[in-house]
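Take the chain shown below and follow it from one residue outward to the whole fold, then to the empty spaces and the backbone.

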Amino acid sequence: MLTVHHLNNSRSQRVLWLLEELGLPYEIVHYERDPQTMLAPASLRAVHPLGKSPVVTTDDGLALAESGAVIETLIERHGNGRLAPAPGTPEAVRYRYWLHFAEGSAMSPLLLKLVFDKIENGKMPFFAKPIAKMIAGKAKAAIVTPNIESHLNFMEAELGKGEWFAGNEFTGADIQMSFPVEAAQARGGLDAKRPRLMAYLERIHARPAYQRALERGGPYGLLS
């Protein structure tokens, strides 16, 4: 049986959702973030040297890490034609692109925004606060916000080509893309001005497998 090493409020929620979509049996080992640092506990390093989540372990001793790689591997092994387009099709090219875009492009500026927001609002000596806020504000205005806007505009336009990111069929690419789109809604300025992305969120949230994954994984926020 597959075991998901699940960190609260993390990317591993996507893996639970995938397993529910595939109807595969699995166990969950829960890990909680440090309430002060919000980092994963050291015990995760016993599962994978980087001590991050998601990690999926198998009965044959394999430890799968990196959410995109986990999704792709599990679909190849257990999908039986589900959740991935047929090889050699235009949809298959889009599928692979969005699997990589989610973390390779979309999440980078969203993570930077999280970091600079924390710098602006974090505790520090009073004499350092104005300087830190100025640097963070300039970085967001010059680099972070324009990149988030560019990515959101691109995603909005691409969803005009089909109901889902790889085309008209729901795939693992949509599971992978859910995290940056949800993060953009939570802290990146995504709102009703981009109706296709908002409708996409409504569609994924309405999926029974998504809801079952939330029930099993516990409360879900977007921290990293």
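**A walk through the chain**

A183 is found in helix 5. The model is a predicted one. Is A183 buried or exposed? A183 has a relative accessibility of 0%, and the limit for a buried residue is under 20% relative accessible area, so A183 counts as buried. For a sense of distance, take A183 together with H30: 153 residues separate them in sequence, and their C-alpha atoms are 22 Å apart in space.

Now step back to the whole chain. The chain contains seven helices and four strands. Read from the N terminus, the order of these elements is β-α-β-β-β-α-α-α-α-α-α. The C-alpha trace spans about 60 × 45 × 30 Å along its principal axes. The chain has a radius of gyration of 18 Å, which agrees with the value near 17 Å for a compact globule of 224 residues.

Burial and contacts add to this picture. Of the 224 residues, 47% count as buried. Among contacts with a separation of 6 or more, 68% are between residues 24 or more positions apart. The area that the chain exposes is about 11,200 Å², and carbon and sulfur atoms supply 59% of that area.

Helix 1 covers residues 12-22. How many residues of helix 1 are buried? Eleven of its eleven residues are buried, and the helix is described as mostly covered. The buried residues of helix 1 include nonpolar ones such as V15, L16 and W17, and they also include the charged residues R14, E20 and E21. Just after helix 1 comes G23, with a positive phi of about 70°.

The next topic is empty space. Rolling a probe the size of a water molecule over the atoms shows where such space is left. The structure holds two cavities of 30 Å³ or more. The largest cavity has a volume of about 50 Å³. Its lining is made of A106, P109, L110, I148, H151, L152, M155, P180 and A184. Which helices supply at least two residues each to this lining? They are helix 3, helix 4 (129-158) and helix 5 (172-187). Helix 5 is also the helix in which A183 is found. Helix 4 gives the most to the lining of the largest cavity, with four residues. By class, this lining has eight nonpolar residues, one polar residue and no charged residues.

A pocket differs from a cavity in that a pocket is open, whereas a probe in a cavity cannot get out. The second largest pocket contains about 240 Å³ of space. It is lined by 14 residues, and the closest to its centre are A84, P85, P87, Y95 and R96. Helix 2 (67-78) and helix 3 (90-121) each supply at least two residues of this lining. Helix 3 gives the most, with four residues. The lining of the second largest pocket divides into seven nonpolar, three polar and four charged residues.

The last topic is the backbone. Most residues other than glycine have a negative phi, and most peptide bonds are trans. A few places in this chain can be read against that background. Two of them lie in the loop between helix 2 and helix 3. N80 is in this loop, and its phi is a positive value near 50°, in a residue other than glycine. L83 is also in the loop between helix 2 and helix 3, and L83 has a positive phi of about 65° although it is not a glycine.

Which of these two residues is buried, and which is exposed? N80 has a relative accessible area of 71%; the limit for exposed is over 50%, so N80 is exposed. L83 has a relative accessible area of 12%, which is under the 20% limit, so L83 is buried.

The remaining place concerns a peptide bond. The bond from S53 to P54 is cis, with omega near 15°. P54 lies in the loop between strand 2 (26-31) and strand 3 (55-57).

How values were computed:
Residues are numbered from 1 along each chain as its sequence is written. This is a predicted model: local features need pLDDT of at least 70, side-chain atom pairs count only at pLDDT 80 or more; totals for chains, interfaces and linings use all residues. Side-chain values use heavy atoms; hydrogens and water are left out. On a 1 Å grid over the protein atoms alone, a cavity is a set of points where a 1.4 Å probe fits but cannot get out, and a pocket is an open set with protein on both sides within 12 Å along at least five of seven lines; lining residues have an atom within 4 Å of a point. Grid points are joined across faces, edges and corners, and a volume is the space filled by probe spheres set on the points. The radius of gyration is taken over C-alpha atoms; the globule rule is 2.2 Å times the number of residues to the power 0.38. Buried means under 20% relative accessible area, exposed over 50%, partly exposed in between (1.4 Å probe, protein chains only). Contact means heavy atoms within 4.5 Å. Accessible areas come from the Shrake-Rupley method with a 1.4 Å probe; for residues, only the protein chains shown count as cover.
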